[in-house]
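Subject: Structure for your review

Hello,

Here is the structure you are taking over from me. Please look through the sequence and the coordinates before reading the notes underneath.

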Amino acid sequence: MAVREMYAKEMTTKVLNKENLFIFDVRNVADFNDWKIEGENFQYLNIPYFELIDGVEEVMDQIPKDKEIVVVCAKEGSSKMVADMLSEEGLDVAYFKGGMKAWSEHLHKTKVYEDEDISVYQFVRVGKGCLSYMVVSEDEALIVDPARFVDEYIEAAKEEGATITHIVDSHLHADHISGGKELADATGGAYYLMKSEGAVFDFKPFEKHERIEFKNIELEVLAVKTPGHTPGSVSFFVNKKLLFSGDTIFVSGLGRPDLGNKVREWANDLYNTVYNKVSEIADDVIVLPAHYADFDGEMNEDGFIGDTLGNIRERNEKMFTASREDFLNDVEKSASSVKPPNFEEIVMINRGMEEVDYERKQELEIGPNRCAVHHTD
């Protein structure tokens, strides 16, 4: 039987459409348990490729004959080898082109909002749990929390007949490398970040730009600061209709405040954010976060990750109604979980204090997003 290639775009379509798929993952068991391609109707078999070097005969009874099969590994080579073996056994099979590295880097673009003034697009980094955005008004575009794949945003803006003129980061990201500075260099757009986040390159500090206005866009830096995840975290209120909440508010939780090893202090800031700032925002405002934890659970019926603030308040009632002490204890308990891998080096890169090549960036970003705190029962 022929072996075909399956690309990240096709895999994303299968995730979105909740298709049935059998994934034969030939990475190490620990790597598979830590991070895999997730789909609501996916089935999995994980056997490290080095156990299959002498052939796949002994595992054939574990592989279905009536399902679509794709073999996955870290970079592609091992999955292609195993797929060839399965093909020789008579199975119609695919291997995942580029492996988990390709899955980590794929962006899926979808429209989330449109009115007479603006169009808003969400870029879902399905394999990483990261979200970024493009807001277009007439012939100009604003990019929110860009990933490092700057050409994708430039091309997306060009498709809308727009030029990227403003780029904003809600905070100094710890789980992935920001494309903000590189995108600004490539487009000439103005790049904004809180000065208190410690970046050493040139940018426009939000401390001096609490409001950004151009074309039909009015971006308000919410209450100047919405600290919690990091001391300089901010959210963006656009046209009083959309809240780009960074890592402060997620669909199913709040940003974890422990990455600076000041969990109690920053959790207290997060409590003040939720109860003194977010509480003033209307229920019908659409919240668009910078991350998600559960793709199938947080993707809404309109095909994007986000929800009204009212629905998020209901879904996370415990966090939005708790006493300060209960809130701090709950967050502290959740924050004892595993931190994002390599986050200290990623922070140094995002501050402009360290430079690495493309391959190192890939290596640093491998793995899931771990930036959320979920309420516990």
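The notes below go through strands, cores and a cavity in turn.

The model is predicted, and everything reported here is computed from it.

Strands β8 to β11

Strand β8 covers residues 130–137, and strand β9 covers residues 140–144. β8 and β9 are antiparallel partners, joined by five bridges. Within this pair, valine 135 lies opposite leucine 142 of β9. The two strands form a hairpin with two residues between them, and in that hairpin glutamate 138 has a positive phi near 55°.

β9 also pairs with β10 (residues 163–168), this time in parallel, again over five bridges. Here glutamate 140 is placed opposite threonine 163 of β10. The connection runs through helix α5 (residues 150–159), and β9, α5 and β10 together form a right-handed β-α-β unit.

The next step along the chain is built in a similar manner. β10 pairs in parallel with strand β11 (residues 190–193) over three bridges, with isoleucine 167 opposite tyrosine 191 of β11. Helix α6 (residues 180–187) completes a right-handed β-α-β unit with β10 and β11.

How covered is β9? Five of its five residues are buried. On one face these are Glu140, Leu142 and Val144, and on the other Ala141 and Ile143. One of the buried residues is therefore a glutamate, Glu140, which falls under the cut-off for buried of 20% relative accessible area.

The six-stranded sheet

Further along there is an open sheet of six strands with mixed pairing, in the order β13-β14-β15-β16-β19-β20. Its edge strands are β13 (211–214) and β20 (307–308); each has a single partner strand, so one side of each has no neighbour in the sheet. For β13 that partner is β14 (residues 217–221), and the two pair in the antiparallel sense over four bridges. Arginine 211 has glutamate 220 of β14 as its bridge partner.

Nonpolar cores

In soluble globular proteins, nonpolar side chains tend to be buried together. The largest nonpolar core in this model has 49 residues, and the members that touch the most others are Trp103 and Phe244. Neighbours within four places in sequence aside, phenylalanine 244 contacts Val120, Tyr133, Val135, Val144, Ser235, Phe236, Val238 and Leu288. A second core, separate from the first, has 27 residues, among them Ile143, Ala147, Phe149 and Ala199.

Two residues of β9 recur at this point. Val144, on one buried face of the strand, is in contact with phenylalanine 244, whereas Ile143, on the other face, belongs to the second core.

The cavity

How many cavities of 30 Å³ or more does a search of the whole structure find? The search finds one, with a volume of about 40 Å³. Its lining consists of Leu107, Phe123, Arg125, Cys130, Leu131, Ser132, Asp145, Ala147 and His176. β7 (119–125) and β8 each supply at least two of the lining residues, and β8 gives the most, with three. Ala147 appears here in the lining and is also a member of the second core.

Regards

How values were computed:
Residues are numbered from 1 along each chain as its sequence is written. This is a predicted model: local features need pLDDT of at least 70, side-chain atom pairs count only at pLDDT 80 or more; totals for chains, interfaces and linings use all residues. Side-chain values use heavy atoms; hydrogens and water are left out. Two strands pair if DSSP finds at least two bridges between them. A crossover is right-handed if, with the strands pointing away from the viewer, the path from the first strand over the helix to the second runs clockwise. A nonpolar core is a set of buried Ala, Val, Leu, Ile, Met, Phe, Trp, Tyr and Cys residues joined through side-chain atoms within 4.5 Å. Buried means under 20% relative accessible area, exposed over 50%, partly exposed in between (1.4 Å probe, protein chains only). Contact means heavy atoms within 4.5 Å. On a 1 Å grid over the protein atoms alone, a cavity is a set of points where a 1.4 Å probe fits but cannot get out, and a pocket is an open set with protein on both sides within 12 Å along at least five of seven lines; lining residues have an atom within 4 Å of a point. Grid points are joined across faces, edges and corners, and a volume is the space filled by probe spheres set on the points.
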